[in-house]
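Open the structure in your viewer and keep the sequence panel beside it. The tour goes from one selection to the next and says what is found at each stop.

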Amino acid sequence: MERNWAGNLTYRAGRILHPESVDELVDVLTGDGPFRVLGTRHSFNDLADTDGTLIATDRLPVQVDVQASPGDIVRFTGAPRYGDLAPILQRHGVALANLASLPHISVAGAVATGTHGSGDGIGSLASAVRGVGFVTAGGEPRSLGRGDAEFAGAVVNLGALGVVTSLELDVEPTYDVAQTVYEAPGWDAILADLDAVTSLGTSVSIFTRWSRTDVADQLWVKQRLPVEADAAERRGAAVERLGARPATQARHPIIGLPADACTAQLGVPGPWFERLPHFRLQFTPSVGEELQSEYLVPRAHAVAALEAVRALAGRIAPLLQVCEVRTVRADDLWLSPAYGADVVGIHFTWLRDEPAVTALLPAIEAALPVTARPHWGKVFTLPGDEVRRRYPRFDDFAALRERFDPEGRFRNAYLDRLGL
Ligand SMILES: Cc1cc2nc3c(=O)[nH]c(=O)nc-3n(C[C@H](O)[C@H](O)[C@H](O)COP(=O)(O)OP(=O)(O)OC[C@H]3O[C@@H](n4cnc5c(N)ncnc54)[C@H](O)[C@@H]3O)c2cc1C
């Protein structure tokens with residue numbers, strides 16, 4: 001039986017096909033549905049599942065075309081992972097603005113769910129998309145680019161519009177990043193000025209197990225280089241105000257786990273794609289045996305959201321492997337959790353105990369501000385109509401889905417719950 005990466009979901013699909021060309025894909029799509037598309041299977045819920053046919057994208061031929069300046073674009077076909085794409089970009093002297101915590105995920109699957117890294121000034125991975133090419137439910141090709149009326153609806157698409165077979169992303173000249181971990185920052189000081197903490201570097205994450213509510217476990221600061229001469233001094237003072245201290249050896253986000261799987265730390269400079277993800281491509285990212293949930297709240301509500309989670313620490317900690325707090329810049333993509341507002345993501349890596357986790361989530365969801373949007377690819381229990389209410393352009397997306405796929409061949413139980 002075929003499962004997702006975390007092993008918490010066995011796909012119900014009657015068959016999984018692996019087309020090896022766009023022609024083969026078109027043949028599949030002109031046959032009987034329903035269909036869903038499968039990327040690298042890193043989602044934790046039934047978003048990618050179907051009772052019908054799963055179309056795996058892993059054997060579609062990958063072709064990458066980098067147009068460095070003038071242009072600063074990468075175009076590719078097929079379904080590469082970020083970890084496949086990054087070294088090619090680096091060889092051409094270009095880079096992406098950000099990456100998620102792991103390079104193992106497919107670009108198309110990450111973009112489809114609004115996947116993000118961290119950075120006050122950096123948008124979600126989908127915000128780098130400038131063009132998207134689909135093969136739609138009827139086997140027809142369809143392309144949209146920035147500036148087209150439907151483009152902002154089609155990027156974060158939940159796999160509901162067809163199979164993405166090509167993408168164009170913004171790139172920029174390559175750059176180095178240095179990553180430093182600080183230990184035991186105080187929560188009161190963090191919450192007194194959250195903006196000061198999340199702006200300590202280009203990309204900042206707070207990790208904690210909520211076993212204590214006075215101090216968080218770690219602060220990971222990824223700093224794009226070069227930095228101004230007095231930046232280190234200013235950061236040192238800010239870190240001191242948090243009561244934190246630099247780690248003296250490499251750390252895993254979960255204290256106590258070996259750091260071999262993690263990207264280099266201790267301030268050693270390195271290329272963007274070997275520092276921005278927390279985990280290295282050659283190793284299992286995160287823990288492996290886990291579930292994940294995440295809620296993204298507008299920055300204005302972030303302190304209230306974190307206080308709400310802190311108040312539930314006693315119930316959260318026994319099921320939790322680690323919680324991570326990140327930031328994402330606002331975008332205009334209709335189904336992006338960062339649509340219309342800079343957001344703070346509050347992420348939970350849980351033990352793989354689905355009944356216990358889904359029993360606890362309603363309490364967390366009730367305590368969070370009503371503006372919190374759940375990550376599309378992770379575990380949540382908020383009812384579909386409530387999720388829908390939290391996206392001002394949701395009805396526009398529903399209409400777009402109808403235009404792309406009038407017979408609903410890409411619909412599944414997950415989309416039904418959302419009224420799509
Ligand atoms: C260990 C781990 C760490 C993670 N870290 C982060 C993180 O740092 N930040 C974050 O935001 N999320 C994170 N995630 C969540 C992850 O990024 C998302 O679940 C993402 O969708 C995974 O991409 P995938 O290719 O594996 O998608 P899949 O699970 O295979 O599919 C997800 C959705 O994308 C659609 N899809 C996939 N490929 C295509 C295609 N070619 N055309 C159309 N639709 C397609 C599917 O139909 C489905 O709807 C993490 C997940 C794991 C397991």
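In what order do the 5 strands of the open antiparallel sheet lie? Show the cartoon and look for S4-S5-S9-S7-S8, which is the order across this sheet. The model is a predicted one.

**Stop 1: the sheet of 5 strands**

Select residues 63–67 for strand S4 and 141–145 for strand S8. These are the edge strands, and each pairs on one side only. From one strand to the next, the twist averages 15 degrees.

Now add strand S5, residues 73–77. S4 and S5 run antiparallel and are joined by 5 bridges. Two pairs can be picked out here: Asp65 has Arg75 in S5 as its bridge partner, and Gln63 stands opposite Thr77 in S5.

Next, select S9, residues 163–170. S5 is joined to S9 by 5 bridges, and the two strands run antiparallel. Click on Ile73 and then on Asp170 in S9, its bridge partner.

On the other side of the order, select S7, residues 129–135. S7 pairs with S8 in the antiparallel sense over 5 bridges. Gly131 is a residue to label, as it stands opposite Gly145 in S8. S7 and S8 form a hairpin with 5 residues between the strands. In that hairpin, Gly139 takes a positive phi near 85 degrees.

**Stop 2: the sheet of 3 strands**

Hide the previous selection and show strands S1, S3 and S2. They form an open sheet in the order S1-S3-S2, and the pairing is parallel. At the edges are S1 (15–17) and S2 (35–38), each of which pairs on one side only. Neighbouring strands of this sheet are turned by 30 degrees against each other on average, with direction ignored.

Select residues 53–56 to see S3, which runs parallel to S1 and is joined to S1 by 3 bridges. One facing pair is Leu17 and Ile55, the latter in S3.

**Stop 3: a helix on both sheets**

Select residues 22–29, which make up helix H1. Which strands of the sheet with S3 does H1 touch? H1 packs on that sheet and touches S1, S2 and S3, and its direction makes about 170 degrees with that of S3. Bring back the sheet from the opening stop: H1 also packs on that one, touching S7 and S9. Here the direction of H1 makes about 60 degrees with that of S7.

**Stop 4: the ligand**

Show the ligand as sticks and select the residues around it. How many residues surround the ligand? There are 35, and the closest are Val37, Gly39, Thr40, His42 and Ser106. By type, the shell around the ligand divides into 15 nonpolar, 16 polar and 4 charged residues.

Three distances can be checked with the distance tool:

- From a ligand oxygen atom to an N or O atom in the side chain of Thr40 is 2.8 Å.
- From a ligand oxygen atom to an N or O atom in the side chain of Ser106 is 2.6 Å.
- From a ligand oxygen atom to a polar backbone atom of Gly109 is 3.0 Å.

On its own, the ligand has 960 Å² of accessible area, and the protein covers 99% of this. Colour S2, helix H3 (107–112) and S9: these are the elements that give two or more residues to the shell around the ligand. H3 gives the most, with 4 residues.

**Stop 5: backbone geometry in the loops**

Most residues other than glycine have a negative phi, and most peptide bonds are trans. The last selections depart from this.

Go to the loop between H1 and S2, where Pro34 lies. The peptide bond from Gly33 to Pro34 is cis, with omega near -5 degrees. Then go to Pro226, in the loop between strand S13 (218–224) and helix H7 (231–241). The bond from Leu225 to Pro226 is also a cis peptide bond, with omega near 0 degrees.

Which sign does phi have in Arg41, positive or negative? Arg41 is not a glycine, yet its phi is positive, at about 70 degrees. To find Arg41, look in the loop between S2 and S3. Finish at Trp210, in the loop between strand S12 (203–208) and S13. Trp210 has a phi near 55 degrees, a positive value in a residue other than glycine.

How values were computed:
Residues numbered from 1 in each chain as written. Predicted model: local features only at pLDDT ≥ 70, side-chain atom pairs only at ≥ 80, totals over all residues. Heavy atoms only, no water. Pairing = 2+ DSSP bridges. Axes fitted to C-alpha atoms, helices over the stretch in contact; angles between N-to-C directions. Contact = heavy atoms within 4.5 Å. Near = heavy atom within 4 Å. Polar contact = N/O pair within 3.5 Å; in protein donor to acceptor, adjacent residues only side chain to side chain. Areas by Shrake-Rupley, 256 points an atom, 1.4 Å probe, with all protein chains shown as cover. Nonpolar A, V, L, I, M, F, W, Y, C, P; charged D, E, K, R; others polar.
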